[in-house]
Each structure stands twice: as C-alpha cells, then as structure tokens.
Amino acid sequence: MASAPEPRFEQLLSELARADVSFCVVGSFALAVHGAPRASADIDVVPETSLENLNRLAADLADMEAAIAPGGGAARLSAADIGARDELKVYTRFGILHLLQDVEGVPAFSVLAPNALRVDVEGEQVMFCSRQDLVGMKRASGRLIDRADLERLFEVEAEE
C-alpha cells in the first residue's frame, strides 16, 4: 500500500495567493508565524466570502484536484457549495485545506484582514491572523490543545 504524499502546505498557500483568492491563515500555521509552532495535518484558512472570491477559490480547488473525502475522486465544487458550509475540509494534491467561514469563535475574514500579518510564502504575499486575533480564537475554543497553544504563545512573548 502506497503512503500518502507529504503535505506541501507552502505550495498550497502560494497557489491560493497566485489565484488571487483572498483568505487569512489561522490555527497552527498562524501559531508558527507567531513563534509557537505546532504540527498539524491540515491548514486552516478563513476565506473572504464574496461570490467573486468563492468562484476563484472553487476554480483553484479544481486545479488542485480537490476531493471532499481522503482518497476520493476530484470533486468539482462551486462557489455555492463552498459558501453553503460553515466549514469544509478539502483534500488537495498539496495537502488538506480546512475552510472556516461561519464557525463559532472564528472571526470573519473582514475582521481578521485589517490586523493580519502579510508574509512571503514562495514569492506570494499570504495573510496570517494577528497574534491578538489568534489569542482570541484560542480562548474562545477552550479545547485542551488550544489552551496548550496559548501557554506556548505566552511563553514566547515572555522570552521576547
């Protein structure tokens, strides 16, 4: 049995940015930008939810051969399919993309974007949520892993 390909999250992010998809990275990859990295099997993003942006996202997911089930066939998702779900995991040839749109405790793109950090990822500018927004999301979650993430974030801050 062949093993799954190694995720190439930097390529996934730069591909989205090259396709002019507006999004903000949250979760474990935002932790890394703020100095408290944690391993993850997927990358969490909050897309901007205009029809135009969701159309660009849907087209780019098709180019990345996105499937809605691991190992499943490519699914042709429309902007309506993406916009109709609060969250959606898609399996691309670069790794798993977790789209968060209307999830409790996760601010909308319009709230995250003004404070976001812009980071060069493979020659493309990618938005990562601010430390303040990340802390707010981690506190709102209350999950054990998020409490541990907060401890690491505060340790990093104390060391600076």
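Select Val 25 in strand β1 and Val 45 in strand β2: the two are bridge partners. Strands here are DSSP runs of E with at least two residues, helices are runs of H or I with at least four, and both are numbered from the N terminus. Strands count as paired if DSSP finds at least two bridges between them.

The model is predicted, so local features need pLDDT of at least 70 and side-chain atom pairs count only at pLDDT 80 or more, while totals for chains, interfaces and linings use all residues. Residues are numbered from 1 along each chain as its sequence is written, and side-chain values use heavy atoms, with hydrogens and water left out.

**Stop 1: strand β1 and its partners**

Extend the selection to β1, residues 23-26, and β2, residues 42-47; they run antiparallel and are joined by four bridges. Next add β6, residues 124-128, which pairs with β1 in the parallel sense over two bridges. On this side Val 25 stands opposite Phe 128, and Cys 24 has Met 127 as its bridge partner.

Which residues of β1 are buried on each side? Phe 23 and Val 25 are buried on one side, Cys 24 and Val 26 on the other, and both faces of the strand are covered. Buried means under 20% relative accessible area, exposed means over 50%, and partly exposed lies in between (1.4 Å probe, protein chains only).

**Stop 2: the whole sheet**

Show the six strands together. They form an open sheet in the order β3-β4-β2-β1-β6-β5, with mixed pairing. The edges are β3 (87-92) and β5, each of which has a single partner strand, so one side of each has no neighbour in the sheet. From one strand to the next the twist averages 40°. Angles run from 0 to 180 degrees between N-to-C directions, and axes are lines fitted to C-alpha atoms, for helices over the stretch in contact.

Now add helix α3. This helix lies across β2, β3 and β4 (95-100), and runs at about 165° to β4.

**Stop 3: Ser 28**

Move to Ser 28 in helix α2, residues 28-33. Ser 28 is buried, at a relative accessible area of 3%. Its side chain makes a polar contact of 3.3 Å with the side chain of Ser 40. A polar contact is a pair of N or O atoms within 3.5 Å; within protein, one must be able to donate a hydrogen and the other to accept it, and residues adjacent in sequence count only if both atoms are side-chain atoms.

Leaving aside residues up to four places away in sequence, Ser 28 touches Arg 38, Ser 40, Asp 42 and Asp 44. Contact means heavy atoms within 4.5 Å.

**Stop 4: helices α6 and α7**

Select α6 (residues 131-141) and α7 (residues 144-159). Their axes come within 8 Å and cross at roughly 150°. On the α6 side the contact involves Arg 131, Leu 134, Val 135, Lys 138, Arg 139 and Ser 141, which meet Asp 146, Asp 149, Leu 150, Leu 153, Phe 154 and Glu 157 of α7. By type, the residues of this contact divide into five nonpolar, one polar and six charged. Here Ala, Val, Leu, Ile, Met, Phe, Trp, Tyr, Cys and Pro count as nonpolar, Asp, Glu, Lys and Arg as charged, and the others, Gly among them, as polar.

Within α6, Asp 133, Leu 134, Val 135, Met 137 and Lys 138 are buried. The buried residues of α6 pack against β1, α2, α5 (109-112) and α7.

Centre the view on Asp 149, which lies in α7. Is Asp 149 buried or exposed? Its relative accessible area is 0%, so Asp 149 counts as buried. The side chains of Asp 149 and Arg 152 are joined by a polar contact of 2.8 Å. With residues up to four places away in sequence not counted, Asp 149 touches Leu 31, Arg 38 and Lys 138.

**Stop 5: positive phi in the loops**

Gly 142 is in the loop between α6 and α7. Just after α6, Gly 142 takes a positive phi of about 75°. Gly 142 is partly exposed, at 34% relative accessibility.

Select Glu 65 next, in the loop between α3 (51-63) and α4 (79-83). Glu 65 is not a glycine, yet has a positive phi of about 55°.

Finish at Glu 122, in the loop between β5 (117-121) and β6. Phi of Glu 122 is also positive, near 50°, in a residue other than glycine. Glu 122 is partly exposed, with a relative accessible area of 47%.
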